[in-house]
Amino acid sequence: MTFEEYAFARTSALVRLARLLTGDEHRAEDLVQEVLAQAYARWGRIARTDRPDAYVRRMLVNAHRSWWRRRSSREITVAAVLDQAGDVDEAAGVAERDALWRLVCALPARQRTVIVLRYYEDLDDASIAEILDCSTGTVRTHAKRALTALRQRQAAASPARAGEF
């Protein structure tokens, strides 16, 4: 598979993963562009691996971590300012997903990465461990701690709905 074929087939999935990792659509697009530029330079070696997609995902996760560590890149994002709603109430599911996503964004970076890769990208523990360069036990530990934190935060936010995770 050539780099062009790979980029054409996987860019939207990589942007989705980056958006879930960063919480910012524009930063996600920049991150994917940076990673694809790096991958292009190394494509001969990447294409020879058994799983080039796992390699590029790992590059994406590492690039996100590197960006986040740089002190000069600490940007504060705010929720989008929405117009006042009319008489029609949007589906409650949208509000629930938004509230859940805010809780996920508040998790520590490694826990959020595991949750995103497991539940949004639908990867198994072994694939996540390969991307994060850790053991499957570490992946399970991060997932357990993240889910515990999400349950506690959800219970604090709305006691009537506690325990739904």
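Buried residues have under 20% relative accessible area, exposed ones over 50%, and partly exposed ones lie in between, using a 1.4 Å probe and protein chains only. This is a predicted model, in which local features need pLDDT of at least 70 and side-chain atom pairs count only at pLDDT 80 or more, while totals for chains, interfaces and linings use all residues. Residues are numbered from 1 along each chain as its sequence is written, and side-chain values use heavy atoms, with hydrogens and water left out.

**View 1. The whole protein chain, with 8 helices and 0 strands.** Helices (H or I, at least four residues) and strands (E, at least two) are DSSP runs, numbered from the N terminus. Going along the sequence, you will meet the pattern α-α-α-α-α-α-α-α. The chain has 165 residues, and 36% of them count as buried. Contact means heavy atoms within 4.5 Å. Among the contacts with a separation of 6 or more, 57% come from residues 24 or more positions apart.

**View 2. Glu25 in helix α2 (residues 25-41).** With 43% relative accessibility, Glu25 counts as partly exposed. Look also for Val15, which is 10 residues from Glu25 along the chain; the C-alpha atoms of the two are separated by 8.1 Å.

**View 3. Arg57 in helix α4 (residues 52-69).** Arg57 counts as buried because its relative accessibility is 10%. Leaving aside neighbours within four places in sequence, you can find Arg57 in contact with Arg10, Leu14, Leu17, Glu121, Leu123 and Ile131.

**View 4. Helix α6 (residues 109-120) from end to end.** The expected span of a helix is 1.5 Å times one less than its number of residues. For the 12 residues of α6 that gives 16 Å, and the end C-alpha atoms are 15 Å apart, which agrees. The buried residues of α6 include Gln111, Arg112 and Thr113, and the run Val114, Ile115, Val116, Leu117 and Arg118 is buried too.

**View 5. Helix α6 against helix α7 (residues 125-132).** Axes are lines fitted to C-alpha atoms, for helices over the stretch in contact, and angles run from 0 to 180 degrees between N-to-C directions. The axes of α6 and α7 come within 10 Å and cross at roughly 135°. Angles under 35 degrees count as roughly parallel, over 145 as roughly antiparallel, 65 to 115 as roughly perpendicular and the rest as oblique. The pair α6 and α7 is therefore oblique. On the α6 side, Arg110, Thr113, Val114, Leu117 and Arg118 take part, meeting Asp125, Ile128, Ile131 and Leu132 of α7. This contact of α6 with α7 has 5 nonpolar, 1 polar and 3 charged residues. Here Ala, Val, Leu, Ile, Met, Phe, Trp, Tyr, Cys and Pro count as nonpolar, Asp, Glu, Lys and Arg as charged, and the others, Gly among them, as polar.

**View 6. Helix α7 against helix α8 (residues 136-157).** These two helices pack at an angle of about 100°, and their axes are 8 Å apart. That makes α7 roughly perpendicular to α8. From α7, Asp125, Ala126, Ile128 and Ala129 meet Thr136, Val139 and Arg140 of α8. By class, the contact of α7 with α8 divides into 4 nonpolar, 1 polar and 2 charged residues.

**View 7. Asp122 in the loop between α6 and α7, and Asp133 in the loop between α7 and α8.** Asp122 is not a glycine, yet its phi is positive, at about 60°. Its relative accessible area is 67%, so Asp122 is exposed. Asp133, also a residue other than glycine, has a positive phi near 55°. With a relative accessible area of 60%, Asp133 is exposed.
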